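Let's take a walk through a protein together. Keep the picture open while you read, and look up each part as it comes along.

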Amino acid sequence: MQPRGDPDIQEHETCPEAAMTQTIEPGNPEAPTQPEDTGTGSRPAAAIPGIIPAALKRRVPKYSDLAPLMQFKKPEFSRAARLRQASTIWDLRDMAKRRTPQAPFDYTDGAAEAEITLRRARQAFLDIEFRPGILRDVSRVDLGTQILGKPSRLPVGIAPTGFTRMMQSEGEYAGSQAAAAAGIPYTLSTMGTASIEDVAAAAPDGRNWFQLYLWTDRDRSLELIERAARAGNDTLMVTVDTAVAGARLRDVRNGMTIPPALTLKTVLDASYRPAWWFNFLTHEPLTFASLSRYTGTVADLINSMFDPTLTFEDLDWLRDTWKGKLVVKGIQTVEDARKVVDHGADGVVLSNHGGRQLDRAPIPFHLLPEVSAALKADNSDAAIILDTGIMSGADIIAALALGADFTLIGRAYLYGLMAGGRAGVDRAIEILEKDMLRTMALLGVSRISELTPDHVRLLKK
Ligand SMILES: Cc1cc2nc3c(=O)[nH]c(=O)nc-3n(C[C@H](O)[C@H](O)[C@H](O)COP(=O)(O)O)c2cc1C
């Protein structure tokens, strides 16, 4: 019941609209929604919790009150303005989906078979709890690190991705230039859609790595390796999780071909995504980092690239042949991590190819602590690089805390690329950088080297 005798309070009782104003903060469970009977008799309204003070009366707003609140801006329709709307990599994915025909979008976004691996990999990063330290000076957070003998401004680089100019025509040029501008490494895929030499020329100040699909035909492999060395690539990343192509069912359903064929379905799709088709048709046709032009299905092309006869002997040959840093990508067990390091690898990439090969494969983030412990026990200084499932800077920080030296992103940058070409890749990197800076500061950590497994607790299911 309301205390009697106070005119304001009586007004609330009779005027329902006024009574509504007593709710202090919607959604705040601690705020009383009904004025309580405080039993204070004629205490002034201002002193009674939940009662609006006498001085607060309704009135008609004046223009001078409204003017400072009015911040209408001229609407901007530029690419930059659109990209600024994206606050997360998931936002970039939404934009990418709207702007890219279904076949290339699904080729990027999809994974193998029932896509269980990809879902689990992303979930693994969510199933943790950070353990922050308080009262640390985090006024300056430095994300710089060393990877494979050289500095990187951020603890993340761009993973090799094939057919990149099919997702958006700036493709590899956008990726390598954005990486160079951000001071991070860029990896060109053997199945990239720009040549090794053109990428080197597009990002002359960048740190370029080359990803190799090794063939038992050594002359073919040697030719590529020599080109990569001549073009200034300091690291060769050999991918070993592709004895045969994974079953990418979305591609089968979409009838995905390289280059995309003009069928009734694609022409209809084009009417919704004119910018993509305009870009695609008005730029040079797709050429490959390592192949001459190709027309056919993705699965056939991939199968022609992958070699099911490879063994550790081929890795030994590669180690003898390549003079720069050598990392092996697609490590999925502790034993194999140890073994490739014994065979001379300078680093391992814990990866299941973004869930695009073996479905229900081990999750790199789960494997990480064991690999880190095993290589420490062997007194190895081989670099541990992790990819698959990274969608935020917090994911990267969690991986570093659990023992990764470095991380790679595939889809996270490709969503940016499809959302807005080079500027979209810049935006993706910027989003991840901001995430990482914020996460580090909130963890009470100002340098990457201060991150330890104590900063992360794996939640039990
Ligand atoms: C569209 C696409 C194409 C890819 N092409 C290659 C490739 O040519 N060579 C390779 O080693 N890995 C390739 N990958 C795997 C990536 O290098 C990386 O392992 C994976 O994308 C990491 O997972 P994430 O996309 O969740 O970041 C590709 C990945 C995607 C999404």
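Which helices each supply at least two residues of the shell around the ligand? They are helix 6 (102–109) and helix 20 (411–443). Before going on, a word on what you're looking at: this is a predicted model, where local features need pLDDT of at least 70, side-chain atom pairs count only at pLDDT 80 or more, and totals for chains, interfaces and linings use all residues. Residues are numbered from 1 along each chain as its sequence is written. Helices (H or I, at least four residues) and strands (E, at least two) are DSSP runs, numbered from the N terminus.

Back to the ligand. A residue counts as near it if its C-beta atom, placed from the backbone, lies within 6 Å. There are 24 residues around the ligand, and Ala 159, Gly 162, Ser 189, Gly 354 and Gly 410 come nearest. Helix 20 gives the largest share of the shell, three residues.

Helix 20 turns up again in the largest nonpolar core, a set of buried Ala, Val, Leu, Ile, Met, Phe, Trp, Tyr and Cys residues joined through C-beta atoms within 7 Å. "Buried" here means that 20 or more other C-beta atoms lie within 10 Å of a residue's own, all placed from the backbone. Of the 113 residues in this core, Val 348, Ile 385 and Ala 428 touch the most other members. The largest share of the core, 16 residues, comes from helix 20. Try picking out Val 348: leaving out residues up to four places away in sequence, its contacts (C-beta atoms within 7 Å, placed from the backbone) include Val 327, Ile 331, Val 340 and Ile 385.

Now find helix 18, which covers residues 364–377. Pro 364, Phe 365, Leu 367, Leu 368, Val 371 and Leu 375 are its buried residues. Among the elements that cover them are helix 7 (116–126), strand 11 (347–350) and helix 19 (393–401). Why might such positions recur along a helix? An α-helix has 3.6 residues a turn, so residues three or four places apart point the same way. Just after helix 18, Asn 379 takes a positive phi of about 55°.

Last stop: Leu 212, in strand 6 (residues 207–212). Leu 212 counts as buried because 21 other C-beta atoms lie within 10 Å. Beyond its neighbours within four places in sequence, Leu 212 is in contact with residues including Thr 190, Ser 221, Leu 236 and Val 238. Leu 212 and Val 240 are 28 residues apart in sequence, yet 9.3 Å apart in space, C-alpha to C-alpha.

Note on methods: The expected span of a helix is 1.5 Å times one less than its number of residues. A residue is buried if 20 or more other C-beta atoms lie within 10 Å of its own, exposed if 12 or fewer, and partly exposed in between; C-beta atoms are placed from the backbone. Two residues are in contact if their C-beta atoms, placed from the backbone, lie within 7 Å.
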